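Here are some notes to read with the model open beside you. They go through pockets, domains, cysteines and a few backbone details, one point at a time.

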Amino acid sequence: MHFKKPQEILLLGPGPSPVHSRILEAMGQHTLGHLDPEFLDLMNQTTELLRYVFETENRITFPVSGTGSAGMEAALVNMLEPGEKAVVGVNGVFGQRMSDVASRCGAEVVEVEAPWGRPVEPEILEQALKKHPDVKLVGLVHAETSTGVLQPLDSLVEIIHNCGALVLVDAVTSLGGIPVEVDRRELDIVYSGNQKCLGAPPGLAPITFGDRALKYFGERKNKVQSWYLDLSFLIRYWGEERLYHHTAPVNMIYALYEALSIIKEEGLKDRFARHLLHSSALVNGLKGLGVETVVPEEYRLPSLTSVSIPDGIDDAEVRHRLRHEHLIEIGGGLGPFKGKVWRIGLMGNGSQRGNVERLLKSLAVTLNSLGHSCSSAEAISEADKVYR
Ligand SMILES: *Cc1c(COP(=O)(O)O)cnc(C)c1O
(Lines give C-alpha, C1' and ligand atoms only; values in the text may rest on other atoms or scores of the structure.)
Protein backbone atom coordinates (compact mmCIF):
# COMPACT_ATOMS: atom_id res chain seq x y z
CA MET A 1 0.00 0.00 0.00
CA HIS A 2 1.22 3.46 -0.84
CA PHE A 3 1.84 5.99 1.89
CA LYS A 4 -1.42 7.67 2.90
CA LYS A 5 -1.08 11.45 2.73
CA PRO A 6 -1.68 12.98 6.16
CA GLN A 7 -4.22 15.78 6.59
CA GLU A 8 -2.79 19.26 6.88
CA ILE A 9 -3.05 20.09 10.56
CA LEU A 10 -2.25 23.64 11.64
CA LEU A 11 0.55 23.04 14.15
CA LEU A 12 0.14 25.60 16.93
CA GLY A 13 1.56 23.50 19.74
CA PRO A 14 5.02 23.40 21.35
CA GLY A 15 6.55 21.97 18.15
CA PRO A 16 6.81 20.76 15.50
CA SER A 17 5.76 23.99 13.79
CA PRO A 18 4.16 24.24 10.32
CA VAL A 19 6.65 23.45 7.56
CA HIS A 20 6.73 25.76 4.53
CA SER A 21 5.99 24.02 1.21
CA ARG A 22 9.36 25.19 -0.12
CA ILE A 23 11.04 23.13 2.59
CA LEU A 24 8.96 20.04 1.90
CA GLU A 25 9.79 20.34 -1.76
CA ALA A 26 13.51 20.69 -1.06
CA MET A 27 13.35 17.60 1.13
CA GLY A 28 11.74 15.54 -1.60
CA GLN A 29 14.61 15.99 -4.09
CA HIS A 30 17.02 13.25 -5.16
CA THR A 31 19.34 12.01 -2.46
CA LEU A 32 23.02 12.74 -3.08
CA GLY A 33 25.91 10.82 -1.58
CA HIS A 34 27.07 12.21 1.75
CA LEU A 35 30.54 12.82 0.25
CA ASP A 36 29.32 14.01 -3.16
CA PRO A 37 30.95 17.32 -4.15
CA GLU A 38 27.58 18.94 -4.75
CA PHE A 39 26.44 17.89 -1.29
CA LEU A 40 29.67 19.09 0.33
CA ASP A 41 29.01 22.47 -1.21
CA LEU A 42 25.52 22.47 0.28
CA MET A 43 27.02 21.60 3.69
CA ASN A 44 29.27 24.66 3.45
CA GLN A 45 26.35 26.89 2.58
CA THR A 46 24.28 25.41 5.39
CA THR A 47 26.95 26.08 8.04
CA GLU A 48 27.34 29.61 6.69
CA LEU A 49 23.59 30.18 7.10
CA LEU A 50 23.68 28.65 10.58
CA ARG A 51 26.34 31.19 11.59
CA TYR A 52 24.01 33.93 10.37
CA VAL A 53 21.09 32.62 12.43
CA PHE A 54 23.19 31.99 15.56
CA GLU A 55 24.87 35.39 15.00
CA THR A 56 28.31 33.88 15.44
CA GLU A 57 31.63 33.56 13.69
CA ASN A 58 32.28 30.23 15.40
CA ARG A 59 34.08 27.89 13.04
CA ILE A 60 32.53 24.82 14.67
CA THR A 61 28.88 25.34 13.79
CA PHE A 62 26.92 22.48 12.21
CA PRO A 63 23.72 20.43 12.60
CA VAL A 64 23.90 17.32 14.82
CA SER A 65 22.08 14.31 13.33
CA GLY A 66 19.12 13.92 15.64
CA THR A 67 16.44 16.07 17.27
CA GLY A 68 16.95 18.89 19.78
CA SER A 69 17.68 16.41 22.56
CA ALA A 70 20.59 15.04 20.51
CA GLY A 71 21.92 18.62 20.47
CA MET A 72 21.61 18.68 24.25
CA GLU A 73 23.47 15.34 24.56
CA ALA A 74 26.14 16.45 22.09
CA ALA A 75 26.76 19.66 24.03
CA LEU A 76 27.00 17.97 27.43
CA VAL A 77 28.73 14.73 26.58
CA ASN A 78 31.58 16.60 24.89
CA MET A 79 31.98 19.26 27.56
CA LEU A 80 31.62 17.23 30.78
CA GLU A 81 33.83 14.49 32.15
CA PRO A 82 33.11 12.19 35.10
CA GLY A 83 33.62 13.98 38.43
CA GLU A 84 33.36 17.49 37.00
CA LYS A 85 30.80 19.90 38.33
CA ALA A 86 27.96 21.56 36.42
CA VAL A 87 25.24 23.97 37.47
CA VAL A 88 21.92 23.69 35.64
CA GLY A 89 18.99 26.10 35.81
CA VAL A 90 15.80 24.13 36.37
CA ASN A 91 12.38 25.77 35.98
CA GLY A 92 10.65 23.27 33.72
CA VAL A 93 10.93 20.02 31.80
CA PHE A 94 13.90 20.98 29.64
CA GLY A 95 16.06 22.22 32.49
CA GLN A 96 15.27 18.95 34.24
CA ARG A 97 16.26 17.02 31.12
CA MET A 98 19.54 18.95 30.89
CA SER A 99 20.30 18.12 34.51
CA ASP A 100 19.56 14.44 33.85
CA VAL A 101 21.79 14.34 30.76
CA ALA A 102 24.63 16.11 32.64
CA SER A 103 24.45 13.57 35.46
CA ARG A 104 24.56 10.73 32.93
CA CYS A 105 27.92 12.18 31.79
CA GLY A 106 29.15 11.40 35.29
CA ALA A 107 29.14 15.06 36.30
CA GLU A 108 28.15 16.29 39.72
CA VAL A 109 25.11 18.44 39.01
CA VAL A 110 23.96 21.36 41.14
CA GLU A 111 20.43 22.46 40.23
CA VAL A 112 19.43 26.10 40.65
CA GLU A 113 15.68 26.18 40.67
CA ALA A 114 12.86 28.58 39.98
CA PRO A 115 9.13 27.88 40.17
CA TRP A 116 7.43 26.74 36.96
CA GLY A 117 6.37 29.82 35.03
CA ARG A 118 9.24 31.98 36.37
CA PRO A 119 12.83 32.50 35.21
CA VAL A 120 15.94 31.57 37.20
CA GLU A 121 16.96 34.57 39.33
CA PRO A 122 20.55 35.93 39.17
CA GLU A 123 20.88 35.99 42.99
CA ILE A 124 20.21 32.26 43.25
CA LEU A 125 22.77 31.47 40.56
CA GLU A 126 25.31 33.75 42.21
CA GLN A 127 24.85 31.98 45.56
CA ALA A 128 25.28 28.56 43.93
CA LEU A 129 28.48 29.65 42.18
CA LYS A 130 29.89 31.12 45.42
CA LYS A 131 29.24 27.80 47.12
CA HIS A 132 30.74 25.83 44.20
CA PRO A 133 33.61 27.87 42.75
CA ASP A 134 34.94 24.79 40.92
CA VAL A 135 32.00 24.62 38.50
CA LYS A 136 33.09 23.93 34.91
CA LEU A 137 29.88 24.75 33.12
CA VAL A 138 26.50 26.39 33.67
CA GLY A 139 23.56 25.22 31.58
CA LEU A 140 20.52 27.43 30.99
CA VAL A 141 17.35 27.03 28.96
CA HIS A 142 16.75 30.23 27.01
CA ALA A 143 13.16 29.44 26.08
CA GLU A 144 11.49 26.94 28.43
CA THR A 145 8.88 25.37 26.16
CA SER A 146 7.17 23.52 29.00
CA THR A 147 6.13 26.79 30.67
CA GLY A 148 6.49 29.60 28.11
CA VAL A 149 9.20 31.44 30.06
CA LEU A 150 11.90 33.47 28.33
CA GLN A 151 15.01 33.35 30.50
CA PRO A 152 16.74 36.77 30.56
CA LEU A 153 20.33 35.82 29.79
CA ASP A 154 22.53 38.88 30.11
CA SER A 155 22.59 39.21 33.91
CA LEU A 156 23.16 35.46 34.39
CA VAL A 157 25.86 35.27 31.74
CA GLU A 158 27.77 38.10 33.40
CA ILE A 159 27.78 36.19 36.70
CA ILE A 160 28.95 33.01 34.97
CA HIS A 161 31.72 34.82 33.09
CA ASN A 162 32.91 36.39 36.34
CA CYS A 163 33.48 32.96 37.85
CA GLY A 164 35.14 31.62 34.68
CA ALA A 165 32.69 28.80 33.93
CA LEU A 166 31.46 27.92 30.45
CA VAL A 167 27.99 29.07 29.41
CA LEU A 168 25.84 26.43 27.71
CA VAL A 169 22.46 27.54 26.35
CA ASP A 170 19.48 25.53 25.11
CA ALA A 171 18.08 27.69 22.30
CA VAL A 172 15.70 25.09 20.89
CA THR A 173 12.60 27.30 21.09
CA SER A 174 14.39 30.63 20.64
CA LEU A 175 16.72 30.28 17.64
CA GLY A 176 15.09 31.90 14.62
CA GLY A 177 12.29 33.49 16.66
CA ILE A 178 14.00 35.44 19.45
CA PRO A 179 17.51 36.97 19.46
CA VAL A 180 20.10 34.45 20.70
CA GLU A 181 23.21 36.48 19.78
CA VAL A 182 25.88 33.90 20.48
CA ASP A 183 28.88 36.19 19.91
CA ARG A 184 27.55 39.36 21.49
CA ARG A 185 26.65 37.45 24.64
CA GLU A 186 29.82 35.34 24.51
CA LEU A 187 27.91 32.09 24.88
CA ASP A 188 30.28 29.12 24.73
CA ILE A 189 28.01 26.30 23.54
CA VAL A 190 24.53 26.74 22.08
CA TYR A 191 22.25 24.14 20.50
CA SER A 192 18.82 24.24 18.93
CA GLY A 193 16.40 22.04 17.02
CA ASN A 194 14.90 22.14 13.55
CA GLN A 195 11.22 22.05 14.33
CA LYS A 196 10.51 25.06 16.49
CA CYS A 197 11.24 28.61 15.29
CA LEU A 198 13.50 27.44 12.45
CA GLY A 199 10.42 25.93 10.84
CA ALA A 200 11.93 22.72 9.42
CA PRO A 201 10.73 19.18 10.16
CA PRO A 202 12.25 17.50 13.26
CA GLY A 203 15.51 15.63 12.73
CA LEU A 204 18.50 17.96 13.10
CA ALA A 205 19.97 19.90 16.01
CA PRO A 206 22.09 22.90 14.98
CA ILE A 207 24.95 23.48 17.43
CA THR A 208 27.84 25.91 17.82
CA PHE A 209 31.01 25.75 19.94
CA GLY A 210 33.15 28.80 20.75
CA ASP A 211 36.93 28.82 21.16
CA ARG A 212 36.86 28.54 24.93
CA ALA A 213 34.67 25.45 24.70
CA LEU A 214 37.01 23.93 22.13
CA LYS A 215 40.02 24.62 24.33
CA TYR A 216 38.40 22.71 27.19
CA PHE A 217 37.43 19.97 24.77
CA GLY A 218 41.05 19.64 23.66
CA GLU A 219 42.14 19.21 27.30
CA ARG A 220 39.84 16.25 27.99
CA LYS A 221 41.36 13.38 29.94
CA ASN A 222 38.78 10.78 28.94
CA LYS A 223 37.30 9.63 25.67
CA VAL A 224 33.84 11.05 25.01
CA GLN A 225 31.40 8.38 26.22
CA SER A 226 29.32 8.61 23.06
CA TRP A 227 30.95 7.44 19.85
CA TYR A 228 28.13 8.89 17.74
CA LEU A 229 28.28 12.39 19.24
CA ASP A 230 32.06 12.66 19.75
CA LEU A 231 32.90 16.18 18.57
CA SER A 232 36.38 15.19 17.37
CA PHE A 233 34.79 12.93 14.72
CA LEU A 234 31.99 15.35 13.84
CA ILE A 235 34.51 18.17 13.29
CA ARG A 236 36.45 16.02 10.85
CA TYR A 237 33.35 15.42 8.72
CA TRP A 238 31.91 18.96 8.94
CA GLY A 239 35.36 20.56 8.64
CA GLU A 240 37.74 20.58 5.68
CA GLU A 241 38.82 16.98 6.00
CA ARG A 242 35.35 15.58 5.12
CA LEU A 243 36.18 12.28 6.77
CA TYR A 244 33.28 9.84 6.87
CA HIS A 245 31.94 9.23 10.37
CA HIS A 246 28.25 8.45 9.98
CA THR A 247 26.07 8.93 6.91
CA ALA A 248 24.71 12.47 7.07
CA PRO A 249 20.89 12.66 6.87
CA VAL A 250 21.20 14.18 3.41
CA ASN A 251 17.58 15.14 2.72
CA MET A 252 17.17 16.60 6.20
CA ILE A 253 20.08 18.89 5.38
CA TYR A 254 18.27 19.96 2.19
CA ALA A 255 15.34 20.88 4.44
CA LEU A 256 17.47 22.78 6.92
CA TYR A 257 19.23 24.66 4.14
CA GLU A 258 15.90 25.78 2.69
CA ALA A 259 14.51 26.74 6.12
CA LEU A 260 17.61 28.84 6.82
CA SER A 261 17.41 30.46 3.39
CA ILE A 262 13.83 31.51 4.14
CA ILE A 263 15.04 33.04 7.42
CA LYS A 264 17.84 34.90 5.65
CA GLU A 265 15.41 36.25 3.04
CA GLU A 266 13.09 37.54 5.76
CA GLY A 267 15.96 38.86 7.87
CA LEU A 268 16.42 38.10 11.57
CA LYS A 269 15.18 41.48 12.75
CA ASP A 270 11.89 41.26 10.87
CA ARG A 271 11.45 37.67 11.91
CA PHE A 272 11.88 38.50 15.61
CA ALA A 273 9.44 41.42 15.24
CA ARG A 274 6.92 39.13 13.55
CA HIS A 275 7.08 36.58 16.37
CA LEU A 276 6.54 39.33 18.93
CA LEU A 277 3.66 40.96 17.04
CA HIS A 278 1.56 37.83 16.57
CA SER A 279 2.10 36.54 20.08
CA SER A 280 0.97 39.93 21.47
CA ALA A 281 -2.14 39.75 19.30
CA LEU A 282 -2.78 36.20 20.49
CA VAL A 283 -2.47 37.17 24.14
CA ASN A 284 -4.90 40.09 23.65
CA GLY A 285 -7.33 37.92 21.74
CA LEU A 286 -7.25 35.24 24.43
CA LYS A 287 -8.03 37.89 27.03
CA GLY A 288 -11.05 38.77 24.89
CA LEU A 289 -12.15 35.15 25.34
CA GLY A 290 -11.65 35.34 29.09
CA VAL A 291 -8.58 33.08 28.93
CA GLU A 292 -5.59 34.21 31.03
CA THR A 293 -1.90 33.71 30.34
CA VAL A 294 0.36 32.01 32.91
CA VAL A 295 3.62 33.95 32.56
CA PRO A 296 3.99 37.69 33.39
CA GLU A 297 4.57 39.82 30.31
CA GLU A 298 8.24 40.59 30.97
CA TYR A 299 9.19 36.88 30.85
CA ARG A 300 6.67 35.76 28.26
CA LEU A 301 8.01 33.88 25.26
CA PRO A 302 6.95 35.22 21.86
CA SER A 303 7.18 31.70 20.43
CA LEU A 304 5.08 29.92 23.05
CA THR A 305 2.19 31.18 25.13
CA SER A 306 0.92 29.15 28.06
CA VAL A 307 -2.64 29.83 29.20
CA SER A 308 -4.74 28.70 32.15
CA ILE A 309 -7.55 26.35 31.18
CA PRO A 310 -10.82 28.01 32.31
CA ASP A 311 -12.52 26.43 35.35
CA GLY A 312 -14.77 23.51 34.52
CA ILE A 313 -13.36 23.03 31.02
CA ASP A 314 -12.02 19.59 30.09
CA ASP A 315 -8.47 19.91 28.72
CA ALA A 316 -8.44 16.77 26.58
CA GLU A 317 -11.92 17.41 25.14
CA VAL A 318 -10.96 20.88 23.89
CA ARG A 319 -7.75 19.69 22.29
CA HIS A 320 -9.61 16.74 20.73
CA ARG A 321 -12.24 19.04 19.19
CA LEU A 322 -9.66 21.54 17.96
CA ARG A 323 -7.79 18.70 16.28
CA HIS A 324 -10.78 16.92 14.75
CA GLU A 325 -13.29 19.69 14.09
CA HIS A 326 -10.90 22.56 13.31
CA LEU A 327 -7.70 20.73 12.24
CA ILE A 328 -5.58 22.65 14.74
CA GLU A 329 -3.05 21.20 17.19
CA ILE A 330 -2.24 22.96 20.46
CA GLY A 331 -0.26 21.48 23.36
CA GLY A 332 -1.34 20.29 26.77
CA GLY A 333 0.51 20.98 30.02
CA LEU A 334 3.39 18.89 31.36
CA GLY A 335 4.31 18.04 34.98
CA PRO A 336 2.59 20.36 37.45
CA PHE A 337 0.82 22.08 34.51
CA LYS A 338 -0.85 18.88 33.29
CA GLY A 339 -4.61 19.40 32.86
CA LYS A 340 -4.26 23.05 33.95
CA VAL A 341 -2.48 24.72 31.06
CA TRP A 342 -2.56 24.81 27.26
CA ARG A 343 0.57 25.65 25.33
CA ILE A 344 0.07 27.60 22.13
CA GLY A 345 3.04 27.90 19.81
CA LEU A 346 3.42 30.58 17.15
CA MET A 347 6.74 29.45 15.76
CA GLY A 348 8.40 30.01 12.41
CA ASN A 349 5.86 29.87 9.62
CA GLY A 350 3.10 29.35 12.19
CA SER A 351 3.49 32.92 13.46
CA GLN A 352 0.92 34.63 11.21
CA ARG A 353 -2.16 36.79 11.65
CA GLY A 354 -4.42 34.32 9.82
CA ASN A 355 -3.38 31.56 12.24
CA VAL A 356 -3.99 33.74 15.30
CA GLU A 357 -7.49 34.58 14.07
CA ARG A 358 -8.31 31.03 13.06
CA LEU A 359 -7.29 29.73 16.47
CA LEU A 360 -9.24 32.42 18.35
CA LYS A 361 -12.40 31.66 16.35
CA SER A 362 -12.04 27.89 16.71
CA LEU A 363 -11.34 28.17 20.42
CA ALA A 364 -14.40 30.43 20.86
CA VAL A 365 -16.67 27.88 19.14
CA THR A 366 -15.22 25.03 21.21
CA LEU A 367 -15.36 26.82 24.57
CA ASN A 368 -18.93 28.01 23.96
CA SER A 369 -20.07 24.49 23.11
CA LEU A 370 -18.59 23.29 26.42
CA GLY A 371 -20.32 25.95 28.53
CA HIS A 372 -17.64 28.67 28.81
CA SER A 373 -19.48 31.53 27.17
CA CYS A 374 -17.29 33.91 25.22
CA SER A 375 -17.39 36.04 22.09
CA SER A 376 -15.35 35.32 19.01
CA ALA A 377 -15.96 38.88 17.75
CA GLU A 378 -14.67 40.32 21.00
CA ALA A 379 -11.49 38.20 20.75
CA ILE A 380 -10.83 39.21 17.15
CA SER A 381 -11.38 42.88 17.97
CA GLU A 382 -8.95 42.63 20.91
CA ALA A 383 -6.34 41.02 18.66
CA ASP A 384 -6.96 43.72 16.04
CA LYS A 385 -5.95 46.38 18.54
CA VAL A 386 -2.41 45.01 18.37
CA TYR A 387 -2.41 44.94 14.58
CA ARG A 388 -3.70 48.53 14.31
C1 LIG B 1 11.70 20.68 22.07
C2 LIG B 1 12.78 21.02 23.03
C3 LIG B 1 13.87 20.18 23.29
C4 LIG B 1 13.97 18.80 22.75
O5 LIG B 1 13.93 18.71 21.40
P6 LIG B 1 13.46 17.37 20.69
O7 LIG B 1 13.54 17.78 19.26
O8 LIG B 1 12.08 17.08 21.15
O9 LIG B 1 14.42 16.30 21.03
C10 LIG B 1 14.86 20.63 24.13
N11 LIG B 1 14.78 21.84 24.73
C12 LIG B 1 13.74 22.67 24.52
C13 LIG B 1 13.70 23.98 25.20
C14 LIG B 1 12.70 22.28 23.68
O15 LIG B 1 11.65 23.09 23.48
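1. A word on classes before the pockets: Ala, Val, Leu, Ile, Met, Phe, Trp, Tyr, Cys and Pro count as nonpolar, Asp, Glu, Lys and Arg as charged, and the others, Gly among them, as polar. Please also keep in mind that this is a predicted model.

2. With those classes in hand, take the largest pocket, which holds about 340 Å³ of space. Its lining is made of 16 residues, and those closest to the centre are Glu8, Ile9, Leu11, Pro18 and Val19. Two elements give two or more residues to this lining, namely strand E1 (10-11) and helix H13 (353-369). Sorted by class, the lining has nine nonpolar residues, five polar and two charged.

3. Where does the largest pocket lie with respect to domain 1 and domain 2? Residues from both domain 1 (20-265) and domain 2 (267-387) take part in the lining, so the pocket lies between them.

4. On the domains themselves, the assignment gives domain 1 as 20-265 and domain 2 as 267-387. Their C-alpha centres are 29 Å apart. The contact takes 30 residues from domain 1 and 23 residues from domain 2.

5. The second largest pocket has a volume of about 250 Å³. Among its lining residues are Asn44, Thr47 and Arg51, together with Phe62, Trp238 and Arg242. Helix H2 (37-54), strand E2 (60-65) and helix H9 (231-238) supply at least two lining residues each. By class, this lining is made of four nonpolar, four polar and four charged residues.

6. If you plan to look at the cysteines, a search of the whole structure finds zero disulfides. Is cysteine 197 buried or exposed? Its relative accessibility is 0%, so cysteine 197 counts as buried. Cysteine 374 has a relative accessible area of 14%; because the cut-off for buried is under 20%, cysteine 374 is buried too.

7. Proline 152 sits in the loop that runs between strand E7 (149-150) and helix H6 (154-163). With 36% relative accessibility, proline 152 counts as partly exposed. Setting aside neighbours within four places in sequence, proline 152 is in contact with Pro119 and Tyr299. From proline 152 to glycine 199 there are 47 residues in sequence and 23 Å in space, C-alpha to C-alpha.

8. For a backbone check, which peptide bond is cis, with omega near 0°? The bond from glycine 15 to proline 16 is cis. Proline 16 belongs to the loop between E1 and helix H1 (21-27).

9. Glutamate 186 has a phi near 55°, a positive value in a residue other than glycine. You will find glutamate 186 in the loop between helix H7 (182-185) and strand E9 (189-191). Its relative accessibility is 52%, and glutamate 186 counts as exposed.

10. Leucine 327 also deserves a look, with phi near 55°, a positive value in a residue other than glycine. The loop between helix H12 (315-325) and strand E12 (328-329) is the place of leucine 327. At a relative accessible area of 26%, leucine 327 is partly exposed.

Definitions and conventions: Residues numbered from 1 in each chain as written. Predicted model: local features only at pLDDT ≥ 70, side-chain atom pairs only at ≥ 80, totals over all residues. Heavy atoms only, no water. 1 Å grid on protein atoms, 1.4 Å probe; cavity = no way out; pocket = protein on both sides within 12 Å on 5 of 7 lines; lining within 4 Å. Points joined across faces, edges and corners; volume = space filled by probe spheres on them. Helix = DSSP H or I, 4+ residues; strand = E, 2+ residues; numbered from the N terminus. Domains from an automatic or database assignment. Disulfide = S-S within 2.5 Å. Buried < 20%, exposed > 50% of the residue type's maximum accessible area, 1.4 Å probe, protein only. Contact = heavy atoms within 4.5 Å.
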